[in-house]
Amino acid sequence: MEGYDLITAVDDKRWGTVVGEDGDFLIVEHGTLRKHRYAVPKASVETYPDEQEVRTTLSGELIGESPAVDDGFDRDAVARHYGLDETSGLAGGETATAERARIREGSDEETAGLPDESPALLGDRLSDVREER
């Protein structure tokens, strides 16, 4: 994949050039005069050999805000930036949906002892108003 163009699917623009691979990451060079290298997770890209392109679902802004790998590759910092975990692919091994479900069930220490219903829900407030009239 070395030499392939990295295209961001968000705006369909060429963002950089693949200059190498390191484990589960592609190393991409970005910039014209002041070039910097960034790591992009392979899980977020699709390869198109005929066009010599790699397309990613990540935005150029997100990639540009990631830790640069010019002087060294800090895998942990890059993985944290993208919300990845070396073993599961997601930080903490739990998806956001699973985390919300766990919190809703009340199995989290933070919500222990809280009531299941919230008096602040719009439906609760409206039903109280209707009963008073």
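In this predicted model, the hairpin of β3 and β4 has five residues between its strands, and Gly31 there takes a positive phi near 120°. The two strands that this hairpin links run antiparallel and are joined by six bridges. One of the paired positions places Leu26 opposite Val40, its bridge partner in β4.

A second hairpin is formed by β2 and β3, with two residues between the strands; here Gly23 takes a positive phi near 60°. Strands β2 and β3 are likewise antiparallel, and five bridges join them. Within this pairing, Val18 has Val28 in β3 as its bridge partner. On going back along the chain, one finds strand β1, residues 5-8, paired in the antiparallel sense with β2, residues 13-22, over four bridges. In that pair, Ile7 stands opposite Arg14 of β2.

These pairings belong to an open sheet of six strands, whose order is β4-β3-β2-β1-β6-β5 and whose pairing is mixed. Strands β4 (36-41) and β5 (45-48) each have a single partner strand and stand at the edges, so one side of each is left without a neighbour in the sheet. From one strand to the next, the twist averages 35°.

The sheet may now be placed within the whole chain. The protein chain contains four helices and six strands, and along the sequence these follow the pattern β-β-β-β-β-β-α-α-α-α. One of the helices, α2 (residues 75-82), lies across β2, β3 and β4, and runs at about 60° to β4.

What does the interior of the model contain? The largest nonpolar core has 18 residues, and those with the most contacts inside it are Leu6, Val28, Val40, Val54 and Ile63. Strands β2, β3 and β4 and helix α2 each supply at least two residues of this core. Strand β3 gives the largest share, four residues. Such an arrangement accords with a general tendency: in soluble globular proteins, nonpolar side chains tend to be buried together.

Val40 illustrates how separate parts of the chain meet. Beyond its neighbours within four places in sequence, Val40 is in contact with Leu6, Asp24, Phe25, Leu26, Val28, Val45, Thr56, Leu58, Ile63 and Tyr82. Among these partners, Leu6, Val28 and Ile63 are also named with Val40 as having the most contacts inside the core.

Thr56, another partner of Val40, lies in strand β6, residues 53-56. Is Thr56 buried or exposed? Its relative accessible area is 1%, and because a residue under 20% is counted as buried, Thr56 is buried. Two polar contacts of its side chain can be traced: the side chain of Thr56 reaches the backbone oxygen of Ser44 at 3.1 Å, and the backbone nitrogen of Leu58 at 3.1 Å. Leaving aside neighbours within four places in sequence, Thr56 is in contact with Leu6, Ile7, Thr8, Ala9, Val40, Ser44, Val45 and Ile63.

Figures for the chain as a whole complete the description. Of the 133 residues in the protein chain, 25% are buried. The accessible surface of the chain comes to about 9300 Å², and carbon and sulfur atoms account for 47% of that surface. Among contacts with a separation of 6 or more, 38% are between residues 24 or more positions apart.

Key:
Residues are numbered from 1 along each chain as its sequence is written. This is a predicted model: local features need pLDDT of at least 70, side-chain atom pairs count only at pLDDT 80 or more; totals for chains, interfaces and linings use all residues. Side-chain values use heavy atoms; hydrogens and water are left out. Two strands pair if DSSP finds at least two bridges between them. Axes are lines fitted to C-alpha atoms, for helices over the stretch in contact, and angles run from 0 to 180 degrees between N-to-C directions. Contact means heavy atoms within 4.5 Å. Buried means under 20% relative accessible area, exposed over 50%, partly exposed in between (1.4 Å probe, protein chains only). Accessible areas come from the Shrake-Rupley method with a 1.4 Å probe; for residues, only the protein chains shown count as cover. A polar contact is a pair of N or O atoms within 3.5 Å; within protein, one must be able to donate a hydrogen and the other to accept it, and residues adjacent in sequence count only if both atoms are side-chain atoms. A nonpolar core is a set of buried Ala, Val, Leu, Ile, Met, Phe, Trp, Tyr and Cys residues joined through side-chain atoms within 4.5 Å.
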